[in-house]
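Here are my notes on the model you asked me to look over. Have the coordinates open while you read.

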Amino acid sequence: MPSALRKRLCRAVLVLAGAGYLAFLLLFELPSLPFSPPSSSSSLPTHHSQRRELEASASTSLFSPARPSNPAIPSAASPAPSPPPLSIFSSLLVLPRSNATTTPFDGTAADAFSAAKPHLSHLRTAAPSASTASPPPFSPTCPASISLDADRLPSDGVRTVELPCGLSVGSHVTVVARPRAARPEYDPKIAERKDGKTPLMVSQFMVELVGTKVVDGEAPPRILHFNPRIRGDYSGKPVIEMNSCYRMQWGRSQRCEGYASRPAEETVDAQLKCEKWIRDDDNKSEESKMKWWAKRLIGRSKDVHISWPYPFAEGKLFVLTLTAGLEGYHVNVDGRHVTSFPYRTGYTLEDATGLSLNGDIDIESIFASTLPSSHPSFSPERYLEMSEQWRAPPLPTEPVELFIGILSAANHFAERMAVRKSWMMYTRKSSNIVARFFVALNGKKQINAELKKEAEFFRDIVIVPFMDSYDLVVLKTIAIAEYGVSELKYVR
């Protein structure tokens, strides 16, 4: 090859190489350079950092997960981002219905939401508490026993004895009183008779455990309604009725009419719900106690049950003792068991903060003992253990396998603490399980304030925006579903 041709070929190669390098600068290097002239030698690391960002963005897959992945080890150069404000209030709303489909439940729910607005507004605007272990604003005295005689009680009408901290298992209240003689009853709701001539003679009284009033204009809840009717009612025979009432709605009553409950049926702390007493229309009850003891002494092997008379009589003094057991209330009269009433769902022993007596009865004395020394609603700091080990972790950024919603009442501080220290501790060890309490507002501002402190510290409470009511448990269930959809969008 001639030397002139070789030189031309070398020049062409050099020109092509220079053109390629210039094209590389125009396409890749110039867009990443800053437009302002560099003022210091720090432009070089900035240039390289931008190139690393471009390379990282170019290497990102189109099918990357929607949720950002948190780095395993946070960078020491950049401070950790501040956590978002704690969300403890549910956004649950009740959709309005047309008048054609309005039900009594809608009215109850609307009233509960309306009554909760001032409490909810106060809690939202209140500043976070600096110390969650501060003493409660209202802490009543909790006496171990209470004793009252007839001189300190009104002679007629509703007579109420305050039990400041409610009851506990083993607490008992003793009432010494005397039923009055029967009186004619002219109330048409009670005095209706077929003959319509002679008035109905009535002698009855009520011993009730009552709670705190929830809604203005309504009677406080009746946790236990014990109603002996000495002259009987529509059955015409002496009867004892027990029930509970919340927001003017009575539950299903338990009636004792002289027939013993079957041992095979549900019992209360191994006690029969209703004991047997002598009835005029029961031929089997004619056997006297004397004959019973005679048969026992001569060696009769078969057990014979004693039939006692009806425990109350007009003008006869009686001693009634009401005891709180593990499963329910037990009533003894003059030393013998008469009836037992199982606890109704939605009430706790601490809710029974008053003893009410009404009707045809003259009271001699009242004595309550073995009362609790504190109340969880008024002394939550005695029940809540403000330790980091019981705090719920933040919501996971990855899908969860199980979401547990727990229904709770605002004043059940001790119950929630027991859950945190039992099975709920295992949910905190797994990132695939989330557990939250769902709590409605209470009628007492002090309880709501303590509830907010508890929610801010433990981070496992969701406050729903209505006043608590057993009739609205379904709304808490809806709130659980709403929370799972809005806050845990990737629940499997």
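The points below cover the disulfides, the salt bridges, one helix and the nonpolar cores.

1. A reminder before anything else: this is a predicted model. Please read each distance and angle below as a value computed from that prediction.

2. Let's start with the disulfides, of which the structure holds 2. Numbered in sequence order, the bonded cysteines pair up as 1-2, 3-4.

3. One disulfide ties Cys142 to Cys165, with an S to S distance of 1.7 Å. This link is left-handed, at -50 degrees about the S-S bond. It connects distant parts of the chain: Cys142 sits in the loop between helix H3 (104-125) and strand E1 (146-149), while Cys165 sits in the loop between strand E2 (159-162) and strand E3 (172-179), 23 residues apart. Cys165 counts as buried because its relative accessibility is 3%, and the cut-off for buried is under 20%.

4. The other disulfide joins Cys256 to Cys274, S to S 2.0 Å. Here too the link is left-handed, with -70 degrees about the S-S bond. Again distant parts of the chain are linked: Cys256 belongs to strand E10 (residues 254-256), and Cys274 lies in the loop between E10 and helix H5 (289-297), 18 residues apart. Both Cys256 and Cys274 are buried.

5. While you are looking at cysteines, is Cys245 buried or exposed? Cys245 has 6% relative accessibility, so it counts as buried.

6. On to charges: the count comes to 16 salt bridges. In one of them Glu241 pairs with Arg255, and the closest N and O atoms are 3.8 Å apart. That pair also links distant parts of the chain, with Glu241 in strand E8 (residues 239-246) and Arg255 in strand E10, 14 residues apart. Glu241 is buried, because its relative accessible area is 14%.

7. Arg391 and Glu388 also meet through their side chains in a salt bridge, 2.9 Å from N to O. What is the burial state of each partner? Arg391 has a relative accessible area of 17% and so is buried, whereas Glu388, at 54% relative accessibility, counts as exposed.

8. A further salt bridge runs between Lys452 and Glu456, whose closest N and O atoms are 3.9 Å apart. Both residues lie in helix H8, 4 residues apart, which is about one turn of the helix. Lys452 is buried, with a relative accessible area of 8%. Elsewhere, salt bridges with shared partners connect Arg229, Glu241, Arg255 and Glu257 into one network.

9. Helix H8 itself deserves a look. It covers residues 445-458, 14 residues in total, and spans 20 Å from first C-alpha to last, close to the 20 Å expected at 1.5 Å a residue. How many of the residues in H8 are buried? The number is 11 of its 14, so the helix is mostly covered. Among the buried residues are Ile447, Leu451, Phe457 and Phe458, along with charged ones including Glu450, Lys453 and Glu454. Just after H8, Arg459 takes a positive phi of about 60 degrees.

10. Finally, the nonpolar cores. The largest has 41 residues, and the members touching the most others are Leu167, Leu209, Phe312, Tyr329, Leu355 and Ile366. A second, separate core holds 40 residues, including Phe113, Val419, Met424 and Phe458. Phe458 is also one of the buried residues of H8.

Conventions
Residues are numbered from 1 along each chain as its sequence is written. This is a predicted model: local features need pLDDT of at least 70, side-chain atom pairs count only at pLDDT 80 or more; totals for chains, interfaces and linings use all residues. Side-chain values use heavy atoms; hydrogens and water are left out. A nonpolar core is a set of buried Ala, Val, Leu, Ile, Met, Phe, Trp, Tyr and Cys residues joined through side-chain atoms within 4.5 Å. Buried means under 20% relative accessible area, exposed over 50%, partly exposed in between (1.4 Å probe, protein chains only). Helices (H or I, at least four residues) and strands (E, at least two) are DSSP runs, numbered from the N terminus. The expected span of a helix is 1.5 Å times one less than its number of residues. A disulfide is a pair of cysteine sulfur atoms within 2.5 Å. A salt bridge is a side-chain nitrogen of Lys or Arg within 4 Å of a carboxyl oxygen of Asp or Glu.
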